[in-house]
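Hello, and thanks for sharing this one. Here are my notes, in numbered points, to read alongside the model.

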Amino acid sequence: MNVMVVVAFALATGLVALGCVKADRIRRLRDSFNPSAPEISDAAFVAARVALFGMAAIGVFSAFQLMAVVADGEWSDDELTGAVSQATSELNGTSRFGEIFDDGSGFDEEFATMIEEEVVENGGGGAPQGGVDAGAATSNKPSDADYTVQAAGADAAFCVHVVRTRSKDGDYTPPGIAGNPGTVTVPGYDFAVTSREGEC
């Protein structure tokens, strides 16, 4: 449980405990420290109890509000499981264009972002709109890569495997100047994506 939530509940409990102390006990304690002090009326004790219980109620309400905020910002294992499964299905078999002079640099960041965005998109209405991390394996290559997908609040982890294959049928050659044939080709790539439970 979030530290702030625990503190809010603890303060509320303390306020209720103070409000439950009997008036006679407080009078005796006060007399022992300051016998010449004026007597505290019963009405003052009632007002103090109302104030203490009111503050305790506010503390409990605030604690539940904090719990709701924390829950909205964290993934459950079930949410992450469903989102990764759906993201894998939607990414598998897709095609994308690469850079004109594609040397494979920056592929890890591109793939990781692609996976993270797809998982968040498939998290459903109750899942957070962020907090997903796709950590790249050190042995990754542009044609074959693994990413450990985890999310804030969830204990589960998944290994997403991405295979990128050059697809000349998917290439795009923009038209040249004045209707002449284009001289630059944008390479196309096909993606095969699978996932399994556990880190890579």
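**Notes on the predicted model**

1. Let me begin with valine 184, which is partly exposed because its relative accessibility is 34%, and partly exposed means a value between 20% and 50%. Valine 184 sits in the loop that joins strand 4 (158-166) to strand 5 (188-197). Together with Ile100 and Phe101, Val184 forms a nonpolar patch of about 320 Å² on the surface. Please bear in mind throughout that this is a predicted model.

2. Now the overall layout. The protein contains 5 helices and 5 strands, and their order along the sequence is α-α-α-α-β-α-β-β-β-β. Of the 200 residues in the protein, 28% are buried. The exposed area comes to about 12,400 Å², with 58% of it supplied by carbon and sulfur atoms. Among contacts with a separation of 6 or more, 65% are between residues 24 or more positions apart.

3. Does the length of helix 4 come out as expected or not as expected, given its 15 residues? Helix 4 covers residues 77-91, and at 1.5 Å a residue it should span 21 Å; the C-alpha atoms at its ends are 21 Å apart, so the two values agree. After helix 4 comes glycine 93, which has a positive phi, near 85°.

4. Which residues of helix 4 are buried? They are Leu80, Ala83, Val84, Ala87, Thr88 and Leu91. These residues lie on the same side of helix 4, because the arc they cover around the axis is only 130°. The general background is that an α-helix has 3.6 residues a turn, so residues three or four places apart point the same way. On the face turned away from the buried side of helix 4 you will find the exposed residues Asp78 and Ser89.

5. What do the buried residues of helix 4 pack against? Their partners are strand 1 (95-97), helix 5 (107-121), strand 3 (144-151), strand 4 and strand 5.

6. A residue worth a look in strand 3 is alanine 151. Alanine 151 counts as buried because its relative accessibility is 8%, and the cut-off for buried is under 20%. Setting aside neighbours within four places in sequence, alanine 151 is in contact with Trp75, Leu80, Gly131 and Val132; Leu80 is also one of the buried residues of helix 4. From alanine 151 to glutamate 116 there are 35 residues in sequence, and their C-alpha atoms are 9.5 Å apart in space.

7. How many salt bridges does a search of the whole structure find? The search finds 1. A salt bridge joins the side chains of arginine 166 and aspartate 171, with 2.5 Å from N to O. Is arginine 166 buried, partly exposed or exposed? Arginine 166 is partly exposed because its relative accessible area is 38%, and aspartate 171 is likewise partly exposed, at 24%.

8. Last, serine 167, which belongs to the loop between strand 4 and strand 5. Serine 167 counts as buried because its relative accessible area is 13%. Leaving out residues up to four places away in sequence, serine 167 touches Gly188, Tyr189 and Asp190. Valine 184, from the opening point, lies in the loop between strand 4 and strand 5 too, but is partly exposed, at 34% relative accessibility.

Key:
Residues numbered from 1 in each chain as written. Predicted model: local features only at pLDDT ≥ 70, side-chain atom pairs only at ≥ 80, totals over all residues. Heavy atoms only, no water. Patch = residues over 30% accessible without salt bridge, like charges linked within 9 Å, V, L, I, M, F, W, Y side chains within 5 Å. Areas by Shrake-Rupley, 256 points an atom, 1.4 Å probe, with all protein chains shown as cover. Salt bridge = Lys/Arg side-chain N within 4 Å of Asp/Glu carboxyl O. Helix = DSSP H or I, 4+ residues; strand = E, 2+ residues; numbered from the N terminus. Buried < 20%, exposed > 50% of the residue type's maximum accessible area, 1.4 Å probe, protein only. Expected span 1.5 Å × (residues − 1). Arc of directions from axis to C-beta. Contact = heavy atoms within 4.5 Å.
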